[in-house]
Amino acid sequence: MHYSIGNMGHFFTVTAFVAALLAAFSYIRSVHSPSDGLKQQWLLNGRFVFYIHVLAVAGAIISLFVIIYNHYFEYYYAYTYSDRRLPAHYLFSTFWNGQEGSFLLWIFWHTVLGLILIRTNRYWEAPVLAVVAVVQAFLTSMILGVVIPGIDLKIGSSPFILLRDALNDPIFKVQPDFIPEDGQGLNPLLQNYWMVIHPPVLFLGFAATLIPFSFCMGGLWMRKYRDWIRPALPWALFAGASLGLGILLGGYWAYETLNFGGYWNWDPVENAVYVPWLVLIAAIHTMIAYKNSHSALKASVVLTLAVFILILYSTFLTRSGVLGDASVHSFTDLGLSGQLLIYLLFFLIAAAILVAMHWKKFPADEKEISAYSREFWIFVGAAVLCLMGFQVLLPTSFPVINKIAAWAGINSNLATPADQVTFYSKQQIWFAVAIAVLSGIGQFFWWKKINRQQLLAELYFPALAALVLFILLISTAKIYQPAYLILSLAALFTIAANIKILSSVIRSSPSLSGGAIAHTGMGLMLIGILFSSGYSRVVSLNNTGMLISRELSEEFNRENLLLFVNEPREMYGYEIEYKGERVEPAHKRGYISKRDIEYTANPYEVIARRDIYFRGKKLYAKGEKFAINPENTFYEIEFRKNGVVKFVQYPRVQVNPRFGNMASPDITRKISLDLYTHVSAPMTEEAKQDWSQREELRIKRNATFFANDYVARIEELQRINQIGGEPLDSSFLAVKARITVDGEHETYTAEPVLIFGTQSRGGLLADEIPELGLRFTLMNIHPQTDEITIGIESRQKDWVVIKALEKPWINILWLGTGLLMTGFGIAIARRFREFSLMRRKGQE
């Protein structure tokens, strides 16, 4: 039992919690100290204790990773989320797979950002780090795992808890030091390279929203109502970029890994992150407006504070268990719902009190906003973004509303939308239209004072260009739905308008081009979303007139294809053919037929039955052992035109006793579309074992015979000394028959084994050819007559049911996301340069 590392981790966690409280106290005293000497002394105390907090957080992170990396399964966290076969890079995914680890990741990013703030902005250090330290105290309390004696109150859930303390299993009463040989493993869907990248980026976005919140709270606290905007703006842009990138990476992971046919499913957890990002974008625009013209200060304060409050609310939604079965992404409730609620309410009430105390003291706008001013258009855009978020937030919050109503004694049965994709998409499309139009028109007000006549002149070219492109688009793409027509026109308009702005700005001031590039990317994203989602179509249509299953819906029977192995079918202009089930070697790239491997007693290790090649490259020699991931089965589907193979797809099904069957698509990418294919129904184990009654044939050795209408031959009999890689005991004798069968396209081999026992009964090891639906058993050998008895069984040959979709012009979406992030990057670099210049001048 490795007690010391867990004790160290727990010690570091408690130290981090105490240090965060002390740092907050010191920084608060620094703000309120009456003399400069005391301010500096308390500031240095706060900084020193914050450094201790940073070191303690680092110690807790290292301790947990040591537990995971070394497979210390006496700890509940390592046992629950990892196993010995997990590749090293997925151990990082294990780290943040559980609630405690993801909280620790969030805490880590706060420490990194806090250190940057101490290094770059000493003027605002005390008020901003005071808020950061209070937040850190709340977050570290979530992983304390401390029980207060007497009142039996548990604070937090520790990642360093021992397995015996987490599970009430009888084995620990008999053997307290029992350690499992292996862990339960990581969810197969999370064993994806995007899951190594997506969570850290997303939590960086979560953490970054705290910085503008802290500047705003510090500005109100110190009555510096105007001054907080300038240092907060670069951080708000950074938060918008990192949170947006995290959302986009999550969408791409869903597109590649899940099988709902898209990248955004309007799941409550997705919504809970989407809404704060929309409000953050609104806050960024109002902050820019105030920085340039001293208007929209109150809006900037409210929106900046609301972003972080919404992040806390999303945390409560996803981690308190309140969503229940409404989301596939939410964490299970670890008993933290009370703490999370206190966390949320504390900052909500604190922010509300500060705003209320200082609301009337905010400086008024310096001038009246005109309808032909950039401030007006920014304010309208921010309002649309907030309404856009509210439309998603309200239905997402129905489970919370029901809980509150029940607490008040009211029976509320508000239900989240049954068809959430249709429900949200029908509403959000109109907000998207408004945002596209506003971002196109508003850009012209951004760069110069303009009146009505000048505006019309500026809009003439982008409007004309958008109209021409719109006509070409609807004539070629055959767009008929009114909502799609309007969205496509609005998106083309904002692209044309921002390209015009970009062409003039990039020549004179490239550093000012971030907004135009980002808005152009947004327009492209709208076009990409419109086509890839609105005009996604099923291409695996069942035109045979035969039902796949009477027990399944009419839609399923219509939109899915039943493929029998080696039987070509027509689909999507291709001749497609299912070639069989494949496995993937753990340490080499390629796919291997299951009939080319022999399983061993270790399900993760197999033996090559023959030389194995993939695309002309030799992977393994006959008899060589190699590792596989047995929970993954790939289904090889060949796409041909005029007899020439154009491409091959390998959609996957993961079978896991803990998580169930999970299908992941394979995607063939082209410039104009993606072909997205996933397995709807793999052949069941019951169907695979539905063998006919065994037919026994007594035939001459080396004879030719028929097996279910296929021509078969006994090629040889061979004595073998091992089975499944394990040597036979000397009391047994084993003989293997090599039987070849001529299939439709190739010759298959079966190798049944007959085992004789000198001191005990032997056995029969049958061998299958699933592509032909045949199983052979070597029943007996008759040396006197040079004959053998073969048992033959048959069943339906292997099949799979697939669904394939065409995702047109989805690459426009990915191009748009790239431009959006590029625009953010340019804007962030510019604002940080501005801030650095002001800091050198002593104005920050």
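**Exercise 1. List the residues in contact with serine 82, leaving aside its neighbours within four places in sequence, then state whether serine 82 is buried or exposed.**

Solution. The model is a predicted one.
- Step 1. Beyond four places in sequence, serine 82 is in contact with Phe73, Thr94, Gly183, Gln184, Gly185 and Leu186.
- Step 2. Place the residue: serine 82 belongs to the loop that lies between α3 (76–81) and α4 (90–95).
- Step 3. The cut-off for buried is under 20% relative accessible area. Serine 82 has 0% relative accessibility and therefore counts as buried.

**Exercise 2. Check what span helix α9 (residues 193–221) should have at 1.5 Å a residue, and what separates its end C-alpha atoms. Then describe what lies at the ends of α9.**

Solution.
- Step 1. Helix α9 has 29 residues. The expected span takes 1.5 Å times one less than the number of residues, which for α9 gives 42 Å.
- Step 2. The end C-alpha atoms of α9 are 43 Å apart, in agreement with the expected value.
- Step 3. At the N-terminal end, asparagine 192 acts as the cap of α9. A side-chain oxygen of asparagine 192 is 2.7 Å from the backbone nitrogen of tryptophan 194.
- Step 4. Arginine 223 follows α9 and has a positive phi, near 60 degrees.
- Step 5. Of the 29 residues in α9, 25 are buried, so the helix is mostly covered.

**Exercise 3. Give the strand order of the open sheet that contains β8, β9 and β12, and identify its edge strands.**

Solution.
- Step 1. The three strands run in the order β8-β9-β12, with antiparallel pairing.
- Step 2. β8 (597–599) and β12 (625–627) each pair on one side only and are the edge strands.
- Step 3. From one strand to the next, the twist averages 40 degrees.
- Step 4. Three bridges link β9 (residues 605–608) with β12 in the antiparallel sense. To fix the register, note that glutamate 605 is opposite alanine 627 in β12.

**Exercise 4. Do the corresponding analysis for the open sheet that contains β19, β30, β29 and β28.**

Solution.
- Step 1. The order of the four strands is β19-β30-β29-β28, and the pairing is antiparallel.
- Step 2. Pairing on one side only marks β19 (695–700) and β28 (767–769) as the edge strands.
- Step 3. The twist averages 30 degrees from one strand to the next.
- Step 4. β19 and β30 (residues 787–794) are joined by six antiparallel bridges. Lysine 700 is opposite glutamate 787 in β30.

**Exercise 5. Determine how strand β18 (residues 673–682) is enclosed, and trace its pairing with β17 and β31.**

Solution.
- Step 1. Seven of the 10 residues of β18 are buried, so the rest of the structure largely encloses this strand.
- Step 2. β17 (residues 666–669) is antiparallel to β18 and joined to it by four bridges. The bridge partner of aspartate 666 in β18 is threonine 677.
- Step 3. The connection from β17 to β18 is a hairpin through three residues.
- Step 4. β18 also pairs with β31 (residues 799–808), over nine antiparallel bridges. Here tyrosine 676 is opposite leucine 805 in β31.

**Exercise 6. State the bounds of domain 1 and domain 3, and the separation of their centres.**

Solution.
- Step 1. The division into domains gives 1–186 for domain 1 and 417–535 + 830–844 for domain 3.
- Step 2. Taken over C-alpha atoms, the centres of domain 1 and domain 3 are 43 Å apart.

Methods: Residues numbered from 1 in each chain as written. Predicted model: local features only at pLDDT ≥ 70, side-chain atom pairs only at ≥ 80, totals over all residues. Heavy atoms only, no water. Pairing = 2+ DSSP bridges. Helix = DSSP H or I, 4+ residues; strand = E, 2+ residues; numbered from the N terminus. Axes fitted to C-alpha atoms, helices over the stretch in contact; angles between N-to-C directions. Buried < 20%, exposed > 50% of the residue type's maximum accessible area, 1.4 Å probe, protein only. Polar contact = N/O pair within 3.5 Å; in protein donor to acceptor, adjacent residues only side chain to side chain. Domains from an automatic or database assignment. Contact = heavy atoms within 4.5 Å.
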